[in-house]
Structure formats: C-alpha cells, structure tokens
Amino acid sequence: MSDESQELGITESKSHKPGEWYAEVVQKADLADYAPMGGFIVTKPRGYALWEAIQDSLDGWFKETGVDNVYFPMFIPESFLEREKDIVEGFDPEVAWVTQGGHEELEERLAVRPTSESIIAPFMADWTRSHRDLPMRLNQWCSVVRWEATETKPFFRTKEFMWQEGHTAHASNEGAWEEVWTRLGQYERVYEDVLAIPVLRGKKPEHDKFPGADTTTTVEALMPDGKSVQGATSHNLGQSFAEAFDISFVDEDEEEQTAYTTSWGLSWRALGALIMTHSDDQGLVLPPTVAPTQVVIVPIWQEDTKEEVLEYSEGIADDLEDAGFRVELDDRDERNPGFKFNEHELNGVPLRLEIGPYEVEDEEATLVHRPDNEETVEDRDGIVDAVDEHLEEIYDKLYEAAEETLEDNVREAHSPEEILGTIGKHGGYVKTPWCGDEACEEVIKEKIAAEIVMQPLEDEGGSSGGEVPEPDHDECGVCGDPAAEIAYFAKSY
C-alpha cells in the first residue's frame, strides 16, 4: 500500500478503539477540524452539509405545524437568568460570562446563552395579551455555549454547538402536552426516516429533567459500542417559566390566566450519532437521505476507450441529475480508479457506478453499494429507476443493521450485581424495576459510570403526559425496596 493510500485510509478500529476511530473518520472524511481553543471545532463544508440536511427536514416539519422562526441575541443579561432560579442553578457551572466590552467594564454581566428560555420568555410575555395570541410557537437555529464540557468529541460534546430550540406558549396544559408529543414525534421521525437510526422514546427521571421543567421527554439512540445518545428532548415546562416571566393572557371569559410553556431541541449531536452508528473501518457511511453526494460515477478507461467511456458516463450523470439525484462524475485524470474507489468509500458516498468499455458496449452500468460492496449490473435504459431503488435498499440496510443492534441490546436485570455485570459485559440498555430514589442510580453510576438514561412511556396523552408502565417485578433492582417505575440504565455520550 502506498504512503498516500495509507494516509487516505482509516488506521484505527471501530470495535477496538471507537474513540480514536471516530476522531479519525471525522477528520479524514473532511467533516470537521479542531479549533485553536480547546473544546471547539471548525465545521467543514461536508460536515455542515449534513447539518443542513437535518435542518431542511425539521424546519419544514416545524413550519407545517405552526412554528415561526426567530432569532434572539446570544447574550443574556444576568438579571434575566436569575428570574428563573432553576435555570441559574442548573446551568451555573456551564455558563460563559462576558464582563467587558471594548475597554469598558460592563455594568451587568452577560451570559453567552446556554439555552434561551430566559431571554425568549420575557418577549413572549410582551407579545401575549389574549387567548387569540395562543398558541405561540417560536424556534431559532443558533449555537449555544456550555463551558463545562471537558472530554470533548466533535459533534458529540463541544463547548459550543449548533442546535435548534423551540419555545411555545399555550392556553392549557393539554395544549402544552400535545406540543411536547408533536415535537418528540418529529425528532423520532428525523432519526428514523432521515438518519436511518431507530430510537427509544421515553422520559428522563425527575432528578435529570430540564431545570424548571415539569417533565422532560427524550429520544435515545444506541450506538454500536453500547453507549446511548440523548438524541433530542422535548420539555413540558408547566407554568414555572410563565409565572417567572409573567406570560399571561385574557381568556374568553375576560379572566386573566397564566400560560403553559414548552421548549424542545435537537443539536448536532445527531451528527455524532449518524457517524458512529453507520460508519466502518473504511470510513464514513451515510444514508442517501443526507449524503452530500448520493451517487458517484467512476469511468474506467484506457487511452483508446477514454472518449466513448466519458461520453457514456456523462450521459448517465446528466440523466441522474435531471431526476434530482446528487451526482458526481469523477473524471480526474491524475487518479486511478482504485484510489477513487477508496476516496469515495472514505467519504461515505452511498452508491458507486463503475463504467468501463464493457459497460458501454453492453449498455449497462455496474452499481456498488457503499455499506457492504454488494455489486449489481443494471441496464442503461432503466438507470434512473434502478438508482432510486438501490438508494432505498441502501437506506433499508443501514436502518435494519442499527435496528438489530438496538433489539439485541435491551436486557433485563434484577439486582445490582446483574445490572453492573450486564452493562460491563454487553453495554446497551439494562431495564430494571426502580423505586424512584436517585441514590439507587448513584450506586451504579459510581461503579461503572452508567446512569438512568430514560424511562419508557406507556401513555402519551392527556394532561398528565406519558405514564411509565408498571414494573414486572415488585422490588427495585438496586435496593430491593418496592418498585414503582421502570428505568433503563446505560453508559452514555
């Protein structure tokens, strides 16, 4: 193998060194680079294109369901944060503060937003007068800063990260719950229908909910290394923020009422999950739904066949582009076909078309799937429909492999030893009856750095929100006291 090929390829193993492997894929597939300040990254065009693919889907779904996009300042006055005490306490170690502007000391410290409830809520209060103003649904695409992040990993955990944050106000608790489920459903949809990653829907335990929230719901994705990723969260904030910021309205009976609010968000952690779930030791693997290039055409010629091979390849490229596919015709003279194959595999292009003189003569094309190198020959005449079918098949392959990983890695345990042993040996989710005491989580967390990542939901309607189903066993899997709930333990990113 040449030095150049070695430099191009992935040298770490996903199964043996997932952390080092992941970092190498992110850099060599040209998704991101490390910034000069620790804990920050530079997102490169190919990485940002993946984020835009998620944005395009979610933003459209939000707007279809009554959401308006807005933008609020990245700086939040300290006095605004302090109006919601739970926000201040919950985010205190993570807040970056600005104390000086130019040469002047600021009269009041400004927080670089860790989340925007405390800057958006006062304006929602100003803009809400009557029940006719509700529901109010606002969303912004922006970045936030959480300074506490130490062991950083591109997209999974950085001090600054991109996200969307939705904020809504409603006349009733039922309306707020309907909003919570709508957004959680859209997050589940983006993972399963766009990223080819199955998720579990649930809620966070009381001690791990969003500061100030009544309930935090979540979608959780299981990575191949057995760790869970909090994919997105949707919070019912009850009336705590509305009371703190006076979000009130006059109802149909001319009575003044306090609104109910929600917030919900998905960050580029979804990109970390995407990369970690599907990619392999050859590099990045992307579902066709988000791949910047869905199809690469690699012409293979000798000098005497170059003209006819290129002309034939260009015709196919034009047809595919006209049909709406994202296509690259790799006709570089200075690279041989083998190098091109490796490079496009590294970059995660889902489908490769190989076209040589035999394909031209037989009016065919050889199609190769990125995930498993499955090779098929298709007729030139039906190439557009064939490519469409193959891209769907590739998506299904990726989803089914991830689904199998999830289904094979939810296990039950009924004692601390079982919980610790199962997570230690297999990773994944360990389902156990739970008494509801945070101290039981600490017992596991101290020994193996696993925590309760979610509780499954049985009912997703009404003013009480989702109910955790009754446990199959009567005793807590950690302390042996009566169990009232079910908990899923896992290590997490």
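**Group meeting: cavities, a buried helix and some odd backbone**

Okay, let's start with a hole: the second largest cavity holds about 50 Å³ of space. Before I go on, remember that this is a predicted model. So what lines that second largest cavity? You'll find Glu-412, His-414, Lys-431, Thr-432, Pro-433, Pro-471, Asp-472, His-473 and Ile-486 around it. Strand 21, residues 429-434, gives the most to that lining, with 3 residues. By class, the lining splits into 3 nonpolar, 3 polar and 3 charged residues.

Now let's zoom out a bit. How many cavities of 30 Å³ or more does the structure hold? There are 4. The largest has a volume of about 70 Å³. Which element gives the most to its lining? That's helix 6, with 4 residues. Helix 6 runs from 117 to 127, and among the lining residues you'll see Glu-117, Ile-120, Ala-121 and Met-124. Strand 8 (160-170) and strand 14 (260-267) also supply at least two residues each. His-167 and Thr-168 are in the lining, and so are Thr-261, Thr-262 and Ser-263. Leu-237, Phe-241 and Ile-247 line this cavity too. By class, this lining has 6 nonpolar, 5 polar and 1 charged residues.

Let's stay with helix 6 for a moment. It's largely enclosed by the rest of the structure, because 8 of its 11 residues are buried. If you want to click through them, the buried ones are Glu-117, Ser-118, Ile-119, Ile-120, Ala-121, Pro-122, Met-124 and Ala-125. As a reminder, residues three or four places apart in an α-helix point the same way, because there are 3.6 residues a turn.

Walk on from helix 6 and you get to a loop that leads to strand 7 (136-145), and Pro-135 is in that loop. The peptide bond from Leu-134 to Pro-135 is cis, with omega near -5°. Most peptide bonds are trans, and most residues other than glycine have a negative phi.

On the phi side, I have two residues to show you. Asp-246 has a phi near 55°, so to speak on the positive side, and it isn't a glycine. Asp-246 is found in the loop between helix 8 (240-245) and strand 12 (248-250). The other one is Glu-254, with a positive phi near 65°, in the loop between strand 12 and strand 13 (256-258). Is Glu-254 buried or exposed? At 64% relative accessibility, Glu-254 counts as exposed.

Next up, cysteines. How many disulfides does the count come to? The count is 0. Take Cys-440: the closest cysteine sulfur is in Cys-479, 3.7 Å away, which is too far for a bond, given a cut-off of 2.5 Å between the sulfurs. Cys-440 counts as buried, at 5% relative accessibility. Cys-142 is buried as well, with a relative accessible area of 4%.

Last stop, a sheet. This one is open, with 5 strands in the order 16-15-17-18-19 and mixed pairing. Which strands are at the edges? Strand 16 (327-329) and strand 19 (375-379) are, and each pairs on one side only. Neighbouring strands in this sheet are turned by 25° against each other on average, direction ignored. Strand 15, residues 295-299, pairs with strand 16 in the parallel sense over 3 bridges. If you want a place to look, Val-295 stands opposite Val-327 in strand 16.

That's my tour, thanks for listening.

Technical notes:
Residues numbered from 1 in each chain as written. Predicted model: local features only at pLDDT ≥ 70, side-chain atom pairs only at ≥ 80, totals over all residues. Heavy atoms only, no water. Buried < 20%, exposed > 50% of the residue type's maximum accessible area, 1.4 Å probe, protein only. 1 Å grid on protein atoms, 1.4 Å probe; cavity = no way out; pocket = protein on both sides within 12 Å on 5 of 7 lines; lining within 4 Å. Points joined across faces, edges and corners; volume = space filled by probe spheres on them. Nonpolar A, V, L, I, M, F, W, Y, C, P; charged D, E, K, R; others polar. Pairing = 2+ DSSP bridges. Axes fitted to C-alpha atoms, helices over the stretch in contact; angles between N-to-C directions.
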